[in-house]
Amino acid sequence: PKPLKSFMTSALSTMLKDDCEGRVDIYVKHMWMPMWTKAISKDRRDRDTIVLDENLADDVIEDMRHFFSQKAADWYHNAGIPYRRGYL
């Protein structure tokens with residue numbers, strides 16, 4: 001799955017960049033074709049506008065950084081577990 005790896009590498013490098021020009025781009029997968037299309041671009045929200053328990057935002061960001069590491073991706077692959085993460 002080289003195209004998927006290339007997409008994920010690009011997405012991760014974009015997501016983890018501190019300077020994203022204050023915008024967040026949201027992409028959706030095309031229904032029938034193996035491609036992603038930019039659906040919308042929104043202003044990036046400041047973390048202070050998100051109401052969470054104390055230190056929870058830091059914990060979520062740290063969890064995301066760990067999840068998107070190569071070590072975690074390899075672990076999921078070797079364990080045969082789908083490599084995905086969701087937050088409620």
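Start by selecting Lys71, which you will find in helix H3. Keep in mind as you go that this is a predicted model. Lys71 counts as exposed because its relative accessibility is 68%, and exposed here means over 50%. Now add Val24 to the selection and draw a line between the two C-alpha atoms. Lys71 and Val24 are 26 Å apart in space, and 47 residues separate them in sequence.

**Next stop: the hairpin**

From Val24, widen the selection to strand E1, residues 23-29, and then colour strand E2, residues 36-43. The two strands run antiparallel to each other and pair over seven bridges. Together E1 and E2 make a hairpin, and six residues lie between them. To see how the strands line up, pick Asp25 and look across to E2: the residue opposite is Ser41.

**Salt bridges across the strands**

Stay here and switch on side chains. How many salt bridges does a search of the whole structure find? The search finds three.

Select Arg23 and Asp43 for one of them; their closest N and O atoms are 2.4 Å apart. Arg23 belongs to strand E1 and Asp43 to strand E2, so this salt bridge ties together parts that are 20 residues apart in sequence. Turn on a surface and compare the partners. Arg23 counts as partly exposed, since its relative accessibility is 35%, whereas Asp43 is exposed, with a relative accessible area of 57%.

Now go back to Asp25 and show Lys38 with it. Their side chains meet in a salt bridge, at 3.4 Å from N to O. This pair also links distant parts of the chain, with Asp25 in strand E1, Lys38 in strand E2 and their positions 13 residues apart in sequence. On the surface, Asp25 is partly exposed at a relative accessible area of 36%, and Lys38 is partly exposed at 45%.

**A salt bridge at helix H2**

Leave the hairpin and select Asp63 and Arg85. These two form a salt bridge, and the closest N and O atoms are 3.0 Å apart. Asp63 sits in helix H2, while Arg85 is in the segment after H3, so the link joins distant parts of the chain, 22 residues apart. Asp63 counts as partly exposed because its relative accessibility is 24%, and buried would mean under 20%. Arg85 is partly exposed too, with a relative accessible area of 36%.

**Last stop: the second largest pocket**

Which residues lie nearest the centre of the second largest pocket? Select Leu4, Lys5, Met8, Ala73 and Tyr83 to find out, and you will be looking at part of a lining of 21 residues. The pocket has a volume of about 700 Å³.

To see where the lining comes from, colour three helices: H1 (2-16), H2 (56-67) and H3 (70-79). Each of these helices supplies at least two residues of the lining. The biggest share comes from H1, which gives six residues. Finally, colour the lining by residue class: 13 of its residues are nonpolar, four are polar and four are charged.

Methods: Residues numbered from 1 in each chain as written. Predicted model: local features only at pLDDT ≥ 70, side-chain atom pairs only at ≥ 80, totals over all residues. Heavy atoms only, no water. 1 Å grid on protein atoms, 1.4 Å probe; cavity = no way out; pocket = protein on both sides within 12 Å on 5 of 7 lines; lining within 4 Å. Points joined across faces, edges and corners; volume = space filled by probe spheres on them. Helix = DSSP H or I, 4+ residues; strand = E, 2+ residues; numbered from the N terminus. Nonpolar A, V, L, I, M, F, W, Y, C, P; charged D, E, K, R; others polar. Pairing = 2+ DSSP bridges. Buried < 20%, exposed > 50% of the residue type's maximum accessible area, 1.4 Å probe, protein only. Salt bridge = Lys/Arg side-chain N within 4 Å of Asp/Glu carboxyl O.
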